[in-house]
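Please walk through the salt bridges of this model with a viewer open, selecting each pair in turn.

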Amino acid sequence: MAAAAQEGAKENRARRDLLVNIQSQVQKLWDDEKIFEANAPGEGEPARPKWFGNFPYPYMNGLLHLGHAFSLSKLEFKAAYERLCGKNVLFPQAFHCTGMPIKACADKLDRELATYGVPPVFPSDEPMDEDAAGGDAAAPAPGPEAKADPTKFSGKKSKAAAKKGPGATQWQILKQSGIPEDQIPEFRNSAHWLNYFPPLAQRDITAMGCGVDWRRSFITTDVNPYYDSFVAWQFWTLHKAGKVIKDKRYAVYSPLDGQPCADHDRASGEGVGPQEYTLIKMEALELPGKLSALEGQGKVFLLAATLRPETMYGQTNCWVLPEGHYGAFRGLNGEVWICTQRAALNLSFQERTPERGQPECLLELTGQDLIGTPLASPNCPHPRVYVLPLLTILTNKGTGVVTSVPSDSPDDYTALMDLKKKPKLREKYHVKDEWVLPFEVIPIIDIPGFGTQAAQKVCEDLKISSQNDTVKLAEAKQLVYLKGFTDGVMIVGPHSGRKVSEAKPLIKEEMLSAGQALLYSEPERQVISRSGDECVVALTDQWYITYGEEEWQASTREALARIETYSEEARNQFSFCLGWLQQWACSRSFGLGTRLPWDPQYLVESLSDSTVYMAYYTVAHILQKGEMYGKDHSGIPPEALTPEVWDHVFLGKEAPKDCAVPPAALAAMKREFEYWYPFDLRVSGKDLIQNHLTFALYNHTAVWASDPAKWPRAIRCNGHLLLNSEKMSKSTGNFKTLHEAILEYGSDAMRWALADAGDGMDDANFETTTANAAILRLTKELAWIEECLAPDSGLRDGPSDSLADRVFANAMEAAIAATREAYERMAFREALKVAAYDLGNARDVYRLMCGPDGMHRALVTRYIEVSTLLLVPVTPHYSEHVWRNVLKKSSPAVTAGFPAGSPPDLTMQRSAAYIEDLIPSLRKAIAKAEAPPKKKGNAPVEPPPRVSQVLVFVSERFVGWQEAVLRALAPHFDAKARAFKQPEAQDAVLAAAKQDPTLSALPEKQLKQAVMPFAKFKMEEAVNSGPQVLDVKLPFSEVAIITEAKPYLLRSLRVDDLKVQLASDAGAAEAAAAAKVDPSTAYPGAPVFGFVTAAAAAAQ
């Protein structure tokens, strides 16, 4: 069983690794071909249709995460679609470094290191007795106050410190980002952040498969003199237009920073800092007693929470609370994890269970059920240890499972000695001698003054004779824990000779890397500014941009009216923001950025230098020569970029006579801008509507006031991204960087899950199960394609005119049309549904319909080509591989052209859907007909009947009052809104029914009882399926389509014969009577079924 589970995990990794290998090969191919480098046509060259999209440059104070990737994916999918359609696509990407966040983080780290040392030892009053040296999560004993975690100074918290939890320090934030501790001190210098994070962001966006023209990348601030010159020009332009003024106004203010704290200078509410544990994975070697129910479910592990993984070398057993309530929960990679329900719930919110927030309990257990279970524990010198009872465990802290290290934990030592010395105690909890007696204390740490068996020595010194001597045990722990951590030296393992404080992080990382442990957190919350203080409101002397000024607002509203927002909700939010947005403080006293050109004592704040930089993308590659920092001045020197030069390039003014920019370069810059601008799409999170995006509209209408053709064409906003239905948060552990996601799933599977996450303004949800399922689906599809293209595939040639062939060919046409329409609307989840799921299902149905005849080679080949191209925007690496390496195409898939198709035959679609709906309806009816007869008295049980023949009675059209009702409903149905106009629809139904001779004499109450159930049923059908259900006659013959599909139906239903006839045909009544059904109840699309059993057929 364990071997099978291990093999399954290997197979999953192998599938992922296959996709990652394809990804690497394809990305190298793209890079070699420079396929994403886009240029304006040269002088005299024909101009291709262009498409320019962009995404707000991410802030470079950390790694990109899945939230960035989600918004970025919307641009990437659309850009890939436009490129596939043949357009010249420009997708550039820069990185934002302006403002306070980086400076504040650097200054905060500098203060931490100056105050607490390198590495820092931060104040904390977290209790250590829950875990030190093996007494993990044991109940604290009364008596002298237990010492805090020896890694931290214990003392009363100040008001500010009280609001900080673990993980709140800048040191810990950087450490959690994966930065080695020896490198963290370098981040005291804000310039180091600019050099460290942008290349990593470029690495991750490239690995994601985004079609970025990296020649145009840049960073902001005056570190890049080219961009610095551009922003200075932008503000000169605004200043000369009277859009920037100096004024005194009230502003949110950071006392520590000494300047206003704008949106990007603040933390967004409470930040959660986790109490981190290491969970030791202790594998069950056998599953005795109640645990046997877990056989075949996967490897079973007890999860023991510890703060000191370095002590695992001294394990002699594992503790549980005998009366405690535990559960066996579904873990990751097919594993089963045993812990408390509370711990499982915590784990489920930290990406540690298959379903976010919903731990799946496979088996409820008590601690007694676990006692005696043999375990294999990492770093333990014994090949097996056993689960034993400990009465002082707290199940509301940690996992309720505790490792035992009696060499260094007084609690563990006394509890083990009690079991050794007291046979009746062992008998009470059904503990066998061999589980306890052979296990002796294992020396692992040498502590000055206590030796190598500190717990035994301190218990003997204090004359502690039992685990019930809780007062003395508390004193013992206080003596041992702090001394052991600060002065103890490891005497076992690869880190023997190192101090415990040095060995702990190394051993922890080794265990995590080896998969022997995992991280687990119990979080706290805090409110803090980026600099670490609470903000106030102050009256400040600042430069302001005059947003809200009447004339300027009017032109910006005009710009809003021109653009595509892809949702009315977004448009309404823009309009609302334009209504309240007023003057905005655009200058800061310090931080990173560009100096105000007319008042250089001030810097431009981070939201104000981020509004028209999309224009800079068009010329960045000419100026910076593909180097993001602007260090190469060998071409055009930065000082040559005077305001007059920028005016010429961007505003079309006359070139300065003394221009230091070479004429050819100047012409190229102007040509690039004029070709690419305006941008065709900007994608962003909805939270930026209230500032950045509205600022961008304002600034475009100011800078290009006389040229509305340069105003933005489209802005698409999305909601935030949840991870497995929960908010992403570093401090809760429910967080994934882009790099981690790519490593875990591969880019295409991650992109698949991003496309599936959602498209609207509501929060979307990235499901790890979807990403894992995508790995399986893509690799299986690839294997199927290779099989189909093999010489011995069994596909048929010749005419492709069977019903199955026609249905499948039409399904492909429908998929092409629907996918194109979804990509146009940026409805990527819908595009994925159609291109992957719907079209894939159509292929599966085709395979079934064809039966023994086999699928048609030409149709299968077309399916492969169509499905491959339709998925290019979502899974470009997979598609490129199939296109070039499997289908042997010579040109790139990403530019191959959107699949050409004909308008789908809607009647054929409805016919095919009719057959597919008919099959489950018939199966259900057959199952009912074949139900065993009820036993009567003492009579022998009769064998269940077997249906051998199916009779299908159909009706050509609705007639009489039903026809009148449908004709009355049709004009009142809004197909776009999928709703009926009320009360008009109901009134029309009753009016039509009254005209029917069979109903006209009925009182109104009886009339309603007669017609409204049918009317309501058809109205619900129309809402769910569309207006076609209101037709009085189907556009196809049910008799004809059922007759043609008969072989398929017989195979699917496993019956001997099937007959279909109109309910109005001669002989239908007699056949229906024999089958005991009423054919008059059939109506279009809803036939009546009759059945002939094998026994009845034999008797005929």
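**A tour of the salt bridges**

Begin by selecting Lys-281 and Glu-335, both of which are buried (under 20% relative accessible area, with exposed meaning over 50% and partly exposed in between, for a 1.4 Å probe and protein chains only). The model is predicted, so local features need pLDDT of at least 70 and side-chain atom pairs count only at pLDDT 80 or more, while totals for chains, interfaces and linings use all residues. Residues are numbered from 1 along each chain as its sequence is written, and side-chain values use heavy atoms, with hydrogens and water left out.

Lys-281 and Glu-335 form a salt bridge whose closest N and O atoms are 3.0 Å apart (a side-chain nitrogen of Lys or Arg within 4 Å of a carboxyl oxygen of Asp or Glu). This pair links distant parts of the chain, 54 residues apart, with Lys-281 in strand β5 (residues 270-284) and Glu-335 in the loop between β8 (325-330) and β9 (336-339); helices (H or I, at least four residues) and strands (E, at least two) are DSSP runs, numbered from the N terminus.

Next, select Glu-781 and Arg-843, a salt bridge with its closest N and O atoms 3.0 Å apart. Here the link runs from helix α23 (residues 768-788), which holds Glu-781, to helix α25 (residues 828-850), which holds Arg-843. Glu-781 is buried at a relative accessible area of 15%, and Arg-843 is buried at 7%.

Then move to Glu-1044 and Arg-806, whose salt bridge also has its closest N and O atoms 3.0 Å apart. Glu-1044 is partly exposed at 38% relative accessibility.
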